[in-house]
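This report describes one protein model, going from its overall layout to its interior and then to its surface. Please keep the structure in view while reading.

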Amino acid sequence: RIFALVDRTIFIWDGATGEVITHLGMDCGVIDFAIDPDGCRVFMFGGTDEISSDVVWDVESSTVLHSLRGRAPARHISSLVVSAAGDVVATCVQFELTSVYVRG
């Protein structure tokens, strides 16, 4: 699979055929994303000048597994990180942790 952020939407292609498998997005547009190690989930954040939003997508079903509205404007989000096991995701604004998702 090939994942890419195109025009604020995540597109997923089949690496062998080059065909688009699906695309994932948010109402406010995607700013950044990460993929868990097994490629089954996509973690993304986006937002507006007023609020940020974090979303966890299941790749196979194209459904939202988790959604969280943050308190910081999206333009201030400085990083989206995923643990090596893919079970913890966090977004940060400069040195302040803004949201955490723990797969349970």
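The model, which is predicted, has zero helices and ten strands. Read from the N terminus, its elements run β-β-β-β-β-β-β-β-β-β. The protein has 104 residues, and 42% of them are buried. Its accessible surface comes to about 5800 Å², with 54% of that belonging to carbon and sulfur atoms. Among contacts with a separation of 6 or more, 28% join residues 24 or more positions apart.

**The interior**

In soluble globular proteins, nonpolar side chains tend to be buried together. Here the largest nonpolar core has 13 residues, and the members that touch the most others are Ile 10, Leu 24, Val 42 and Met 44. Four strands each supply at least two residues of this core, as listed below.

| Strand | Residues | Share of the core |
|---|---|---|
| S2 | 9-13 | at least two residues |
| S4 | 30-35 | at least two residues |
| S5 | 41-47 | at least two residues |
| S6 | 52-58 | at least two residues |

Another core, of six residues, lies apart from this one and includes Ala 34, Phe 43, Phe 45 and Leu 80. Met 44 is in contact with residues from several parts of the sequence, among them Ile 10, Leu 24, Val 30, Phe 33, Val 55, Trp 57 and Leu 80. Polar or charged residues such as Asp 32, Ser 53 and Asp 54 are also in contact with Met 44.

**A buried salt bridge**

How many salt bridges does a search of the whole structure find? The search finds one. The salt bridge joins Arg 41 to Asp 36, and the closest N and O atoms are 2.6 Å apart. The side chains of the two residues are also joined by a polar contact of 2.6 Å.

Is Arg 41 buried or exposed? Arg 41 counts as buried because its relative accessible area is 9%, and the cut-off for buried is under 20%. Its partner Asp 36 is buried as well. Arg 41 is placed in strand S5. Leaving out residues up to four places away in sequence, Arg 41 touches Ala 34, Val 56, Trp 57, Leu 65 and Arg 103, among others.

**The surface**

Nonpolar side chains also occur on the outside: Val 88, Val 100 and Val 102 form a surface patch with about 220 Å² of accessible area together. Val 102 belongs to strand S10, which covers residues 96-102. With a relative accessible area of 53%, Val 102 counts as exposed because the cut-off for exposed is over 50%.

Terms used: Residues numbered from 1 in each chain as written. Predicted model: local features only at pLDDT ≥ 70, side-chain atom pairs only at ≥ 80, totals over all residues. Heavy atoms only, no water. Patch = residues over 30% accessible without salt bridge, like charges linked within 9 Å, V, L, I, M, F, W, Y side chains within 5 Å. Areas by Shrake-Rupley, 256 points an atom, 1.4 Å probe, with all protein chains shown as cover. Salt bridge = Lys/Arg side-chain N within 4 Å of Asp/Glu carboxyl O. Buried < 20%, exposed > 50% of the residue type's maximum accessible area, 1.4 Å probe, protein only. Contact = heavy atoms within 4.5 Å. Core = buried A, V, L, I, M, F, W, Y, C linked by side-chain atoms within 4.5 Å. Polar contact = N/O pair within 3.5 Å; in protein donor to acceptor, adjacent residues only side chain to side chain.
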